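Student: I'd like a close look at one part of this protein, the small open sheet, and then a walk outward to whatever else is worth seeing. Could you take me through that in one go?

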Amino acid sequence: MDMATPTGSRVPCPEAAVVRTLLLGWILLQVAGAAGTRDVVAAYNLTWKSTNFKTILEWEPKPINHVYTVEISPRSGNWKRKCFYTTNTECDLTDEVVKDVNQIYTARVSSYPANATGFSGEPPFTNSLEFTPYLETNLGRPAIQSFEQVGTKLNVTVQDARTLLRVNGTYLSLRDVFGKNLSYTLYYWKASSTGKKTAKTNTNEFLIDVDQGEDYCFNVQAVIPSRRTNQKSLESPIECTSQQKGVSGETFIIIGAVVIVIIILIVILTVCLYKCRKARAGHVGKEHAPLSTV
C-alpha cells in the first residue's frame, strides 16, 4: 500500500531566510558595537581656555584604549568637526570662534574605540558649557611702551596686547576690539616706599603728578569694567624711573659748560700774557739800544 504524501507540507521560503540572516547580522553588529564601547570613557571636565581670543578646549581623562573627536557649533548652528580621532586632551578652536566673537558657542567631545575605523555605533559624548569669546576671553598682559618723568610730571604710555582677530590680514589689538570699553589702571609708588597709588584712563596715556627728585616704580593692568567675569588682565612687568640718571646728565652738561668757559679763559689769558711779554720785551730793547752820534 502506497503511503500518500501528507498534504500541507512546508516548502522552504528564500525570502524568510534572507530576513533572518539580516536580522541576525544586525544583532551581531549591535553586540559588537556595545562590546567596543563598553570600555570607552566619556570625556569630562570640559574647560574653555582663552586669552586674547586664542581659544583652546581642554578635557579629561587621558585616553587608554580610545580616541576623541571634537565638534563645535554656534547657537542654532551646525556642528563642525575638529581634531579627528586624537589622543590629545585639548583642541585649538581659535579659527572657529574668531569668525564671530559675539556668538555663543558649544563644543562636544565624543569618545571612540582606538580602532574606530568602520565604527557604526553611537559614541558616548559630553557637551561643554556655552562660551562667548567677547565676554569671556581673558585679557592679555599689557606692556609699558614708554615713560618719562620730568620735574613733577610722570608720563606713561601703554601698549595694547595683540589679539588673534584679523581684518584684511592685520591682527587687531585689544583697543581695536573693545574700544572705550577697555580701560587701564596704573599702580605707582615711590621707589623708597611700598604705599601704592592708582590712576585710571580709558585711553593709553597717563600723566600724573609726582614729587620732584623722587624715583617712582609702576605697572599697568587692562580692565573691562562692564564684564561680570574676567574683568582684569595680569599686571605688566614693573618699570622704574631714575632721577639720578637725569641729575647726572644735567651735571655733565654743567661741568662741560664750565670746562669750556675755563678753556676759553685760559686761551684769553695766555694770549694776553704773550702780548704783555712781547710788549715788555720791545720796551726793554728800546731802553738798552746805543744812542747814535751826530
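**The open sheet and beyond**

Tutor: Let's start with the sheet itself: it is open, has three strands in the order β8-β9-β14, and pairs in the antiparallel sense. Strands β8 (143-150) and β14 (205-209) sit at the edges with a single partner strand each, so one side of each has no neighbour in the sheet. From one strand to the next, the twist averages 15°. Keep in mind that this is a predicted model.

Now zoom in on one pairing in that sheet. Strand β9, residues 153-159, is joined to β14 by five bridges, running antiparallel. If you want a spot to click on, try V156, which has F206 of β14 standing opposite. While you're tracing a strand, remember that in a regular strand the side chains alternate between the two faces of the sheet.

Next stop, strand β3, which covers residues 66-74 and is mostly tucked away, with eight of its nine residues buried. With strand β6 (residues 105-113), β3 shares nine bridges in an antiparallel arrangement. Y68 is a handy marker here, as its bridge partner in β6 is S111.

β3 has another antiparallel pairing, this one with strand β4 (residues 80-86), over four bridges. There, V70 has K82 of β4 as its bridge partner. Follow the chain from β3 into β4 and you trace a hairpin, with five residues between the two strands. One residue in that turn, S76, has a positive phi of about 65°.

Then there's a pocket to look at, the second largest, with a volume of about 160 Å³. Strand β1 (residues 44-51) gives the largest share of its lining, five residues. Among the lining residues are L46, T47, W48, K49 and S50, and you'll also find L129, E130, F131, E136, N138 and N230 there. Sorted by class, the lining of this second largest pocket holds four nonpolar, four polar and three charged residues.

Finally, step back to the whole chain. The protein has five helices and 16 strands. Of its 294 residues, 32% count as buried. As for contacts with a separation of 6 or more, 60% of them are between residues 24 or more positions apart.

Terms used: Residues are numbered from 1 along each chain as its sequence is written. This is a predicted model: local features need pLDDT of at least 70, side-chain atom pairs count only at pLDDT 80 or more; totals for chains, interfaces and linings use all residues. Side-chain values use heavy atoms; hydrogens and water are left out. Two strands pair if DSSP finds at least two bridges between them. Axes are lines fitted to C-alpha atoms, for helices over the stretch in contact, and angles run from 0 to 180 degrees between N-to-C directions. Buried means under 20% relative accessible area, exposed over 50%, partly exposed in between (1.4 Å probe, protein chains only). On a 1 Å grid over the protein atoms alone, a cavity is a set of points where a 1.4 Å probe fits but cannot get out, and a pocket is an open set with protein on both sides within 12 Å along at least five of seven lines; lining residues have an atom within 4 Å of a point. Grid points are joined across faces, edges and corners, and a volume is the space filled by probe spheres set on the points. Ala, Val, Leu, Ile, Met, Phe, Trp, Tyr, Cys and Pro count as nonpolar, Asp, Glu, Lys and Arg as charged, and the others, Gly among them, as polar. Contact means heavy atoms within 4.5 Å.
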